[in-house]
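Reader: I would like to learn how to read helix packing and backbone geometry from a set of coordinates, one feature at a time. Could we take the general idea before the particular case at each step?

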Amino acid sequence: MSSTARQAPPAQGAPVPGDGADGRARKRSTAVALLARPEVGVLLGAVAVLVFFLVAAPAVRQAGAMATILYQSSTIGIMALPVALLMIGGEFDLSSGVAVITSALTASMLSYQLTVNVWTGVAAALLVSLAIGALNGWMVVRTGLPSFLVTLGTFLILQGVNLAVTKLVTGNVATDDISDMDGFGLARQIFASSFAVGGVRVKITVVWWLLFAALATWVLLRTRFGNWVFAVGGARESARAVGVPVDRTKIILFTAVGFGAWFVGMHNLFSFRTVQSGEGVGQELIYIAAAVIGGCLLTGGQGSAVGPVFGAFMFGLVNQGIVYAGWNPDWFKAFLGAMLLGAVLVNLYVRRTATRR
């Protein structure tokens, strides 16, 4: 007989140690898989912030206040979605904030100065926005420079062009009122209208925000292009080696940011009828922060479209919650930063706990 005794196989139906047959390991695996999702941490953080303001600011409990919070969140969230997709693909766009204003200025000045239907300006603005995004992507893939540097240059160029061209064309730092021009009413219905839900006015941007989030989620999880996005962000050279069109994917992602800038720019234009040329600076950091809080890694390759929805909601909630609480606005930035940092730490803790063996 061999010196090493062979163990008898377990009886049929008996649990094997470590195989999870008793259900406990399976339950733990399910919980770990759920907590490891990039959007779960920010969901918990958003719930915590919401509960905090429901207690600290009773006005937040009113339906009208929540509609305002959702509107504030949607104007951030619409842009945070393509920015998040770009970050999953391993790139940044620091020009997204001023690109929103460039889009609005293009539509406004072209329509007013040429005395044409505002939809002509809307179409021209779309082409300009897509071109800016595609140019950013093309420069990144052709030069090999970090997208941080490329889009920082674009940011400075657009900031200067927005102000200089507006002053040159209008003689002022803002565009002229276009509310009496042909096509304004229909454009306002699409980009900046509101509708009643139980006696509460809800902005149309909330609906667009959720539709775009659903579309982005479908693209990421159900399409080949979604696989490409994760691949180029997580391991670009490996993705290229297996036939993923890395350059084309990145250009498309930058172009998607251009589309988001166009849409939010049209909302701004048809909400306020005029555009201040110096606005938009700093908004790019808000969009990136919403994506990061939503679970997108700075190194790329991980994230979701649902996470940035909750990240944008947190921004809107904190922004309006401080107002409803009646606190000193001088502390706004400090409080906002502390709340957002806390949410990031919760997200990090949950993910580490979920992946700890």
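Reader: At what angle do helix H7 and helix H8 pack, and how far apart are their axes?

Author: Two packed helices are described by the angle between their axes together with the distance between those axes. In this model, which is a predicted one, H7 (residues 184-191) packs on H8 (residues 204-222) at an angle of about 55°, and the two axes are 7 Å apart. Angles of 65 to 115 degrees count as roughly perpendicular and those under 35 as roughly parallel, so H7 and H8 are oblique to each other. The contact is made by Gln 189, Ile 190 and Phe 191 on the side of H7, and by Ile 204, Thr 205 and Trp 208 on the side of H8. Sorted by class, the residues of this contact are four nonpolar and two polar, with no charged residues.

Reader: How do H9 and H11 pack, and which residues make the contact?

Author: The description again rests on an angle between axes and a distance between axes. Helix H9 (residues 224-234) meets helix H11 (residues 246-272) at an angle of about 100°, with the axes 10 Å apart, and H9 and H11 are therefore roughly perpendicular to each other. From H9 the contact takes Phe 225, Trp 228, Val 229 and Val 232, while H11 contributes Val 246, Arg 248, Thr 249, Lys 250, Ile 252 and Leu 253. These residues of the contact of H9 with H11 divide into seven nonpolar, one polar and two charged.

Reader: What is the angle between H4 and H12, and what is the make-up of their contact by class?

Author: H4 and H12 pack at an angle of about 125°, with their axes 6 Å apart. Since an angle has to be over 145 degrees to count as roughly antiparallel, H4 is oblique to H12. Ser 96, Gly 97 and Val 100 of H4 make the contact together with Gln 283, Glu 284 and Tyr 287 of H12. By class, this contact of H4 with H12 has two nonpolar, three polar and one charged residues.

Reader: Let us turn to single helices. What span should the residues of H11 have, and how far apart are its end C-alpha atoms?

Author: At 1.5 Å a residue, the 27 residues of H11 should span 39 Å, and the end C-alpha atoms are 40 Å apart, which agrees. The same reasoning applies to H4 (residues 96-114), where 19 residues should span 27 Å and the end C-alpha atoms are 27 Å apart, again in agreement.

Reader: Are these two helices mostly covered or mostly open?

Author: H11 is mostly covered, with 19 of its 27 residues buried, and H4 is mostly covered as well, with 15 of its 19 residues buried. For the chain, 44% of the 357 residues count as buried.

Reader: What is the sign of phi in the residues that follow H4 and H11?

Author: Most residues other than glycine have a negative phi. Thr 115, which follows H4, has a positive phi near 55°, and Arg 273, just after H11, takes a positive phi of about 70°. Thr 115 lies in the loop between H4 and H5, and at 65% relative accessibility it counts as exposed. Arg 273 is found in the loop between H11 and helix H12 (283-293), and its relative accessibility of 31% makes it count as partly exposed.

Reader: Which residues does Asn 117 contact beyond its neighbours within four places in sequence?

Author: Asn 117, placed in the loop between H4 and helix H5 (118-143), is in contact with Ser 111, Asp 182 and Gly 183 once those neighbours are left aside. Asn 117 and Gly 183 are 66 residues apart in sequence, yet 5.7 Å apart in space from C-alpha to C-alpha. With a relative accessible area of 32%, Asn 117 is partly exposed.

Reader: To finish with the chain, how many helices and strands are there, and what share of the contacts joins residues 24 or more positions apart?

Author: The chain has 14 helices and two strands. Among contacts with a separation of 6 or more, residues 24 or more positions apart account for 77%. The accessible surface of the chain comes to about 17900 Å², and 65% of it belongs to carbon and sulfur atoms.

Key
Residues numbered from 1 in each chain as written. Predicted model: local features only at pLDDT ≥ 70, side-chain atom pairs only at ≥ 80, totals over all residues. Heavy atoms only, no water. Axes fitted to C-alpha atoms, helices over the stretch in contact; angles between N-to-C directions. Helix = DSSP H or I, 4+ residues; strand = E, 2+ residues; numbered from the N terminus. Contact = heavy atoms within 4.5 Å. Nonpolar A, V, L, I, M, F, W, Y, C, P; charged D, E, K, R; others polar. Buried < 20%, exposed > 50% of the residue type's maximum accessible area, 1.4 Å probe, protein only. Areas by Shrake-Rupley, 256 points an atom, 1.4 Å probe, with all protein chains shown as cover. Expected span 1.5 Å × (residues − 1).
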